[in-house]
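Thanks, everyone; I would like to take a few minutes to go through one structure, beginning with the chain as a whole and ending with what lies inside.

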Amino acid sequence: MDDHSAGRYRSLQDAVRAAFGPETRVLGRRSVSGGDINRAYQLSLSGGRTAFLKTNTMGNAPFFTAEEHGLRALRSAGAIGVPSSLGAGVDTAGGYSFLLLEYLESGPRTANYWETFGRRLARLHRASCAQLLPGADGRAAYGFPEDNFIGASRQKNTWHTSWVEFYRDCRLLPQVERAADALGPALRQALTRLLAHLDEELREPPFPSLLHGDLWSGNVLCGPDGEAWILDPAVYLGDFETDLAMTELFGRFPAAFYGAYREVNPIEEGYARRRPLYQLYHLLNHLNLFGAGYLAGVAEIARRYA
């Protein structure tokens, strides 16, 4: 089944018919785990088919448009399992927005699950991004064709020629500004000093990589083929080290994953020092979304590098 254009549908039933055929009907829905922001369901369809449905308020339809575009970009690389989008839009009668995806039934993991995952993520990071760039000159390499979301936070993706400038202006600075009251004067000053010399701490990467953007274990699923599939992206073009840093923030993946990744895409010396600066973005975002429990982690990184 081919992907459909986001925002095209004015009802869930229209999306289902377009994806599965004009005679297909929704027979029922069962609540399943779908994260903190959206409601999620397994749909039972006529003909014995199933689909995965996310819903939110009508006003949050842009969440699903952005997510569908991110999934499309990741799928286009052909490097790793990504669920296909079957349609997004709003159900005006039901009063909700939705994203319809293929339903993935988890199978038993293959014996080399983590090694294969590592190699496939590395291939994603090395895949050509030319089709996403804004022009043929290749100068603006970091960003995405549109802004999107990480969790419930808007993620700014304005194109930049410098990775360090992009990461400062589109990632750290908006989060610092949003968290100003929670940070307090001393920590705000430390972060301001850090931002002022960020170019001394981060590198300009050898090439832009298509990133998942929010790659922790909760956004990885073992698919029906026994391999890792990636979900719920916050996609943009950036330094691949940011994806790796996120995999190490809330519980590190097994060593076999990182060893296999390095076989395809070597990790340069200095990554260990850069890693906390990439984790800082996610800690600031969690501070803004979930509260003061993440303040100590932000403070430790800010003071170490300021």
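Let me start with the contacts: among those in the protein chain with a separation of 6 or more, 66% are between residues 24 or more positions apart. Please keep in mind that this is a predicted model, and that everything I quote has been computed from it.

As for secondary structure, the protein chain comes to nine helices and 11 strands. Its radius of gyration is 20 Å, which is close to the 19 Å that the globule rule gives for 306 residues, so the chain is as compact as a globular protein of that length. If we look along the principal axes, the C-alpha trace spans about 60 × 45 × 40 Å.

Turning to the surface, the protein chain exposes about 13200 Å², and carbon and sulfur atoms supply 48% of that area, while 53% of the 306 residues count as buried.

Now to the interior: how many cavities of 30 Å³ or more does a search of the whole structure find? The search finds one, and the volume of this largest cavity is about 40 Å³. Its lining is made up of Tyr167, Gly213, Tyr236, Thr242, Tyr278, Tyr281 and His282, and helix H8, which covers residues 271–290, gives the most to that lining, with three residues. Sorted by class, the lining of the largest cavity has four nonpolar residues and three polar ones, with no charged residues.

Conventions: Residues are numbered from 1 along each chain as its sequence is written. This is a predicted model: local features need pLDDT of at least 70, side-chain atom pairs count only at pLDDT 80 or more; totals for chains, interfaces and linings use all residues. Side-chain values use heavy atoms; hydrogens and water are left out. On a 1 Å grid over the protein atoms alone, a cavity is a set of points where a 1.4 Å probe fits but cannot get out, and a pocket is an open set with protein on both sides within 12 Å along at least five of seven lines; lining residues have an atom within 4 Å of a point. Grid points are joined across faces, edges and corners, and a volume is the space filled by probe spheres set on the points. Helices (H or I, at least four residues) and strands (E, at least two) are DSSP runs, numbered from the N terminus. Ala, Val, Leu, Ile, Met, Phe, Trp, Tyr, Cys and Pro count as nonpolar, Asp, Glu, Lys and Arg as charged, and the others, Gly among them, as polar. The radius of gyration is taken over C-alpha atoms; the globule rule is 2.2 Å times the number of residues to the power 0.38. Buried means under 20% relative accessible area, exposed over 50%, partly exposed in between (1.4 Å probe, protein chains only). Contact means heavy atoms within 4.5 Å. Accessible areas come from the Shrake-Rupley method with a 1.4 Å probe; for residues, only the protein chains shown count as cover.
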